[in-house]
Amino acid sequence: MRHCDAPRNKGCSDLAAAPPATRDGHVWLAHNNDLGASARDQLTVTRLRVENEPEILAVTVGGWFISIGMNRAGLALTGNQLNANDSRVGIPRLLMVRELLAQNTLEAALRAALHPTRASSYNNILSSRDGKIVNVEGSATAAALTWSGESGGALAHTNHYLDETMWRFEADLAYLAMSETRCTRAFDYARRYRGKIDFDICARFVRDHVFAPWSVCKHAGQSVTVFSAILDVTDAKMWLAAGNPCQNDFALLDF
Ligand SMILES: [Zn+2]
């Protein structure tokens with residue numbers, strides 16, 4: 001997803017849930033990160049401690065480019081690679097990810113995501129421990145926001161534009177089917193488990209094999225699941241599984 005912009009060699013699947021969609025009233029995130037299999041060797045867990053910024057705990061590629069993360073201010077960032085046709089010279093989205101996680105409030109992170117001179121955008125899922133999630137489906141020149149409060153608490157996204165106003169920016173039509181299978185399953189979980197989403201439902205989602213080989217837990221093709229993450233944003237907990245989560249246990253990171 002985020003760190004491999006080569007067409008088709010990317011993907012990732014997200015389910016994000018806030019009250020009233022969660023069982024315990026917490027904010028729960030489930031994220032599978034799909035890249036070329038060789039990326040597994042470059043993944044690291046990184047802490048960023050910068051003066052006057054909240055500490056960040058992130059999964060990075062090579063200790064440098066942030067894939068997903070959370071900070072001490074109670075914010076989390078997950079999301080998806082998108083391919084838009086309006087990319088331009090401007091602030092690279094890889095650097096914007098770092099800026100988003102340096103913020104202290106959801107509103108400030110949202111402003112950072114919508115920076116007017118951005119070169120392009122990921123689909124940024126911004127979550128806060130106070131129970132709000134906003135999905136920022138962006139391109140360089142436009143964005144569509146979806147708040148958890150408008151959708152029963154649960155949001156889902158993969159690697160194509162969902163909002164009707166953003167369809168005209170889709171640059172990789174050939175990839176749509178491989179993204180839609182995973183997106184369909186994410187929305188299935190959001191609907192079926194509304195009010196019940198917790199760690200166990202998130203773990204079931206990231207191990208889902210329906211529509212294989214184009215499944216949420218992805219084993220074949222140019223991109224495979226290189227890591228899986230479950231976050232309890234409310235309690236600032238992050239569980240990670242290296243490789244495919246159906247074959248590897250989740251370990252809780254200390255933050
Ligand atoms: Zn699997």
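Visitor: In the hairpin of strand 7 and strand 8, which residue takes a positive phi?

Guide: This is a predicted model, so keep that in mind as we look around. The hairpin of strand 7 and strand 8 has 3 residues between the strands. The one that takes a positive phi, near 105 degrees, is G131.

Visitor: How many bridges pair strand 7 and strand 8?

Guide: Strand 8 covers residues 132-138, and it pairs with strand 7 in the antiparallel sense. One bridge joins S128 to its partner K132 in strand 8. The count of bridges for strand 7 and strand 8 is 6.

Visitor: What about strand 6: which residue there stands opposite I125 in strand 7?

Guide: Strand 6 (residues 75-80) and strand 7 (residues 123-128) pair in the antiparallel sense too, over 6 bridges. Follow the pairing along and you'll find G79 opposite N124 in strand 7. Opposite I125 stands T78.

Visitor: Is strand 7 largely enclosed or left open, and how many of its residues are buried?

Guide: Check the two ways its residues point. N123, I125 and S127 point one way, while N124, L126 and S128 point the other way, and all are buried. Strand 7 is therefore largely enclosed by the rest of the structure, with buried residues numbering 6 of the 6.

Visitor: Which helix lies across strand 7?

Guide: The helix in question lies across strand 5 (65-71), strand 6 and strand 7. It runs at about 15 degrees to strand 5. With residues 93-100, it's helix 1.

Visitor: Let's zoom out to the open sheet. Which strands stand at the edges?

Guide: The open sheet has 7 strands in the order 3-4-5-6-7-8-9, with antiparallel pairing. A strand with a single partner has one side left without a neighbour in the sheet, so we look for those at the edges. The twist averages 25 degrees from one strand to the next. The edge strands are strand 3 (43-48) and strand 9 (143-147).

Visitor: And in helix 4, why are the buried residues on the same side, and what arc do they cover?

Guide: Helix 4 spans residues 199-206, and its buried residues are I201, C202, F205 and V206. They sit on the same side of helix 4 because the arc they cover around the axis is only 130 degrees.

Visitor: Which helix is included in what covers those buried residues of helix 4?

Guide: The cover includes strand 1 (11-17), strand 2 (28-35) and strand 11 (224-232). It also includes a helix made of residues 176-192, and that's helix 3.

Methods:
Residues are numbered from 1 along each chain as its sequence is written. This is a predicted model: local features need pLDDT of at least 70, side-chain atom pairs count only at pLDDT 80 or more; totals for chains, interfaces and linings use all residues. A residue is buried if 20 or more other C-beta atoms lie within 10 Å of its own, exposed if 12 or fewer, and partly exposed in between; C-beta atoms are placed from the backbone. Helices (H or I, at least four residues) and strands (E, at least two) are DSSP runs, numbered from the N terminus. The arc is that of the directions from the helix axis to the C-beta atoms. Two residues are in contact if their C-beta atoms, placed from the backbone, lie within 7 Å. Two strands pair if DSSP finds at least two bridges between them. Axes are lines fitted to C-alpha atoms, for helices over the stretch in contact, and angles run from 0 to 180 degrees between N-to-C directions.
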